[in-house]
Amino acid sequence: MMKRRNTRPKAFDPDPDAPARCCDMAGCTEAAGYRAPRSRDALNQYFWFCLEHVREYNARWDYYKGMSPGQIEAHIRADVSWNRPSWRLGQANGARGFDEEEILDPLDLLKNGARARARRAQERDARHAAPDELKYPLSVLDLGWPISLDELKTRYKALARQHHPDANGGDRAAEERLKGINVAYTAIRAHLVAMPDGGLARSA
């Protein structure tokens with residue numbers, strides 16, 4: 001029976017990519033078969049040693065040599081995220097938000113959620129839309145919807161003082177504006193008073 005030949009390298013076998021030269025340790029004439037990084041800042045640049053001297057070098061190697069405890073801790077924390085920037089969960093540090101349109105979704109799973117949210121938004125906007133008969137009066141008073149009766153009264157009093165003829169030297173244009181304000185106030189107030197919640201505006 002033939003024995004299978006073991007082609008796996010043995011422990012401490014020389015590096016097959018080692019250059020054909022002597023050990024980098026001064027005065028050593030042994031073949032250089034083992035690599036070791038030159039420094040913390042040049043991990044991809046190597047010394048080439050013989051087995052004896054690479055063992056000595058590795059025994060003395062201190063990656064964090066010359067660094068303060070704070071620098072060591074910061075370096076370890078950076079290594080946790082592969083030296084890439086990271087933020088607390090929920091913070092994007094100015095990055096734009098998640099966009100479902102950029103995700104490959106062959107089963108249309110996310111689209112269903114997007115359509116549901118759009119439908120809810122439309123329903124919410126419809127509930128908060130001003131009744132057609134109040135859109136012009138609200139524009140006259142420069143008010144949004146919904147609105148409470150107290151907010152309406154506060155706005156009306158401010159506009160009435162501003163456009164009262166006595167405050168404008170008897171200006172007829174101010175008098176006409178005040179008439180329009182009175183009509184708009186009356187229309188909105190009548191709608192709010194008739195509402196079952198007693199003046200907190202909802203869609204009609």
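**Group meeting: a walk through the predicted model**

Let's start at a charged residue: Arg 172 is exposed, with 57% relative accessible area. Before I go on, keep in mind that this is a predicted model. So what does Arg 172 form a salt bridge with? The partner is Glu 175, and the closest N and O atoms of the two sit 3.4 Å apart. Both residues belong to helix α6, which covers residues 172-194, and they are 3 residues apart, or about one turn of the helix. Glu 175 is partly exposed, because its relative accessibility is 28% and the exposed class begins over 50%.

OK, let me step back to the whole chain. We've got 204 residues here, and 21% of them count as buried. The protein has 6 helices and 2 strands, and if you read along the sequence the order is β-β-α-α-α-α-α-α. The accessible surface comes to about 16,000 Å², with 53% of that belonging to carbon and sulfur atoms. As for contacts, take the ones between residues at least 6 apart in sequence: 37% of those join residues at least 24 apart.

Next, how much confidence does the predictor have? Mean pLDDT for the protein is 80, and 72% of the residues reach 70 or more. Where is confidence lowest, and where is it highest? The low end is helix α3, residues 109-128, with a mean of 65, while the high end is helix α1, residues 51-60, at 94. Have a look at those two helices on the screen.

Now the strands. β1 runs over residues 34-39 and β2 over residues 42-49, and the two pair in the antiparallel sense over 5 bridges. A hairpin takes you from β1 to β2 through 2 residues. If you want a landmark in that pairing, find Tyr 34, which stands opposite Phe 49 in β2.

While we're at β1, let's go back to salt bridges. How many does the structure hold? There are 6. One of them is between the side chains of Arg 35 and Asp 15, at 2.9 Å from N to O. That pair links distant parts of the chain: Arg 35 is in strand β1, Asp 15 is in the segment before β1, and they are 20 residues apart. Are these two buried or exposed? Arg 35 is partly exposed, at 34% relative accessible area. Asp 15 comes in at 21%, so it also counts as partly exposed, given that buried means under 20%.

Another salt bridge joins the side chains of Arg 21 and Asp 24, at 3.0 Å, N to O. Arg 21 has 37% relative accessibility and counts as partly exposed. Asp 24, at 32%, counts as partly exposed too.

Last stop: Leu 149, which you'll find in helix α5, residues 149-163. Why does Leu 149 count as buried? Because its relative accessibility is 16%, and the buried class is anything under 20%. Now bring up Leu 192 as well. Leu 149 and Leu 192 are 43 residues apart in sequence, yet their C-alpha atoms are 6.6 Å apart in space.

To wrap up, the picture I'd like you to take away is an antiparallel β1 and β2 pair in a protein with 6 helices, with salt bridges that include Arg 35 to Asp 15 and Arg 172 to Glu 175. And when you look at α3, remember that confidence is lowest there, at a mean of 65. Okay, over to you.

Notes
Residues are numbered from 1 along each chain as its sequence is written. Side-chain values use heavy atoms; hydrogens and water are left out. Helices (H or I, at least four residues) and strands (E, at least two) are DSSP runs, numbered from the N terminus. Buried means under 20% relative accessible area, exposed over 50%, partly exposed in between (1.4 Å probe, protein chains only). Contact means heavy atoms within 4.5 Å. Accessible areas come from the Shrake-Rupley method with a 1.4 Å probe; for residues, only the protein chains shown count as cover. Two strands pair if DSSP finds at least two bridges between them. A salt bridge is a side-chain nitrogen of Lys or Arg within 4 Å of a carboxyl oxygen of Asp or Glu. pLDDT is the predictor's confidence in each residue, from 0 to 100.
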